[in-house]
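The following account leads the reader through one protein chain, from its overall form to individual residues. Please keep the sequence and the coordinates at hand while reading.

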Amino acid sequence: MAGIKFDFIKICPHKPEMECSCRKPKVGLLEQELKNSIIKLSASYMVGDSITDMEFGKNIGLTTIQIVREKNSETRGKYSDFQINSITELLNIVL
């Protein structure tokens with residue numbers, strides 16, 4: 001997308017039953033990255049469509065943006081700072 005830059009994308013490789021510290025909504029995965037980074041949390045966002053995405057963002061101190069789909073419309077606005085219907089609407093918030 002024009003105007004949006006992703007510095008990195010992180011994914012937890014563990015299954016939920018492993019109860020690791022890096023699986024959302026726990027913050028271990030990002031905390032590891034922050035140790036070696038100059039990322040400003042105050043200028044960063046958590047974008048996702050699940051409640052655990054929003055809980056993760058809140059747990060680490062990020063502004064949260066929920067992509068609302070039919071399957072999660074009942075949680076619209078309950079867990080996030082902003083809500084969008086598609087990723088293209090993201091530009092209106094972050095720019």
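The paragraphs below take up the overall form, the strands, the cores and several single residues in turn.

The model is a predicted one. Its mean pLDDT is 85, and 92% of the residues reach 70 or more. Among the elements of the chain, confidence is lowest on average in α1, with a mean pLDDT of 84, and highest in β2, with 93. The secondary structure consists of three helices and three strands, and these follow one another along the sequence in the pattern α-β-α-β-β-α.

How does the overall extent of the chain agree with that of a compact globule, and what is the radius of gyration? For 95 residues, a compact globule would have a radius of gyration near 12 Å; the value for this chain is 14 Å, which agrees. The C-alpha trace spans about 30 × 30 × 20 Å along its principal axes. Of the 95 residues in the chain, 28% are buried. When contacts between residues at least 6 apart in sequence are considered, 29% of them join residues at least 24 apart.

The strands offer a convenient route into the fold. Strand β1 comprises residues 45-48, and strand β2 comprises residues 63-67. The two pair in the parallel sense over four bridges. Two positions illustrate this pairing: Met46 has Thr64 as its bridge partner in β2, and Gly48 stands opposite Gln66 in β2. Between these two strands the chain passes through helix α2, residues 51-60, and the resulting β-α-β crossover is right-handed.

On its other pairing, β2 is joined to strand β3, residues 82-84, by three bridges, and these strands also run parallel. Gln66 takes part here too, with Gln83 as its bridge partner in β3. Strand β2 thus pairs with β1 and with β3.

In a regular strand, the side chains alternate between the two faces of the sheet. Strand β1 has a covered face formed by Met46 and Gly48, and an uncovered face formed by Tyr45 and Val47. Is β2 largely enclosed or largely open? Four of the five residues of β2 are buried, so this strand is largely enclosed by the rest of the structure.

Thr64 gives a closer view of that enclosure. The residue is located in strand β2 and is buried, with a relative accessible area of 0%. Leaving aside residues up to four places away in sequence, Thr64 touches Met46, Met54, Gly57, Lys58, Tyr79, Ser80, Asp81 and Phe82. Among these contacts, Met46 belongs to the covered face of β1.

Which residues form the largest nonpolar core? This core has six members: Val27, Leu30, Met46, Phe56, Ile60 and Leu62. Leu30 has contacts with Phe8, Leu41, Phe56, Ile60 and Leu62, again not counting residues up to four places away in sequence. A second, separate core contains five residues, including Ile4, Ile65, Ile84 and Leu90.

Helix α1 can be read together with the largest core. Gly28, Leu29 and Leu30 are buried in this helix, and the buried residues of α1 pack against α2. Leu30 is a member of the largest nonpolar core, as are Phe56 and Ile60, and Leu30 touches both of these residues.

The segment before α1, which itself covers residues 28-35, holds several residues of interest, among them Pro13. Is Pro13 buried or exposed? With a relative accessible area of 66%, over the 50% cut-off, Pro13 counts as exposed. Its C-alpha lies 19 Å from that of Gly57, and 44 residues separate Pro13 from Gly57 in sequence.

Glu19 also lies in the segment before α1. Its phi is near 50°, a positive value in a residue other than glycine. Glu19 is exposed, its relative accessible area being 63%. Pro25 is found in the segment before α1 as well, and the peptide bond that leads from Lys24 to Pro25 is cis, with omega near 10°.

Taken together, these descriptions place β2 in pairings with β1 and β3, with four of its five residues buried. By contrast, Pro13 and Glu19 are exposed.

Definitions and conventions: Residues numbered from 1 in each chain as written. Predicted model: local features only at pLDDT ≥ 70, side-chain atom pairs only at ≥ 80, totals over all residues. Heavy atoms only, no water. Core = buried A, V, L, I, M, F, W, Y, C linked by side-chain atoms within 4.5 Å. Buried < 20%, exposed > 50% of the residue type's maximum accessible area, 1.4 Å probe, protein only. Contact = heavy atoms within 4.5 Å. Pairing = 2+ DSSP bridges. Right-handed = clockwise from strand over helix to strand, strands pointing away. pLDDT = per-residue confidence, 0-100. Rg over C-alpha atoms; globule rule 2.2 N^0.38 Å.
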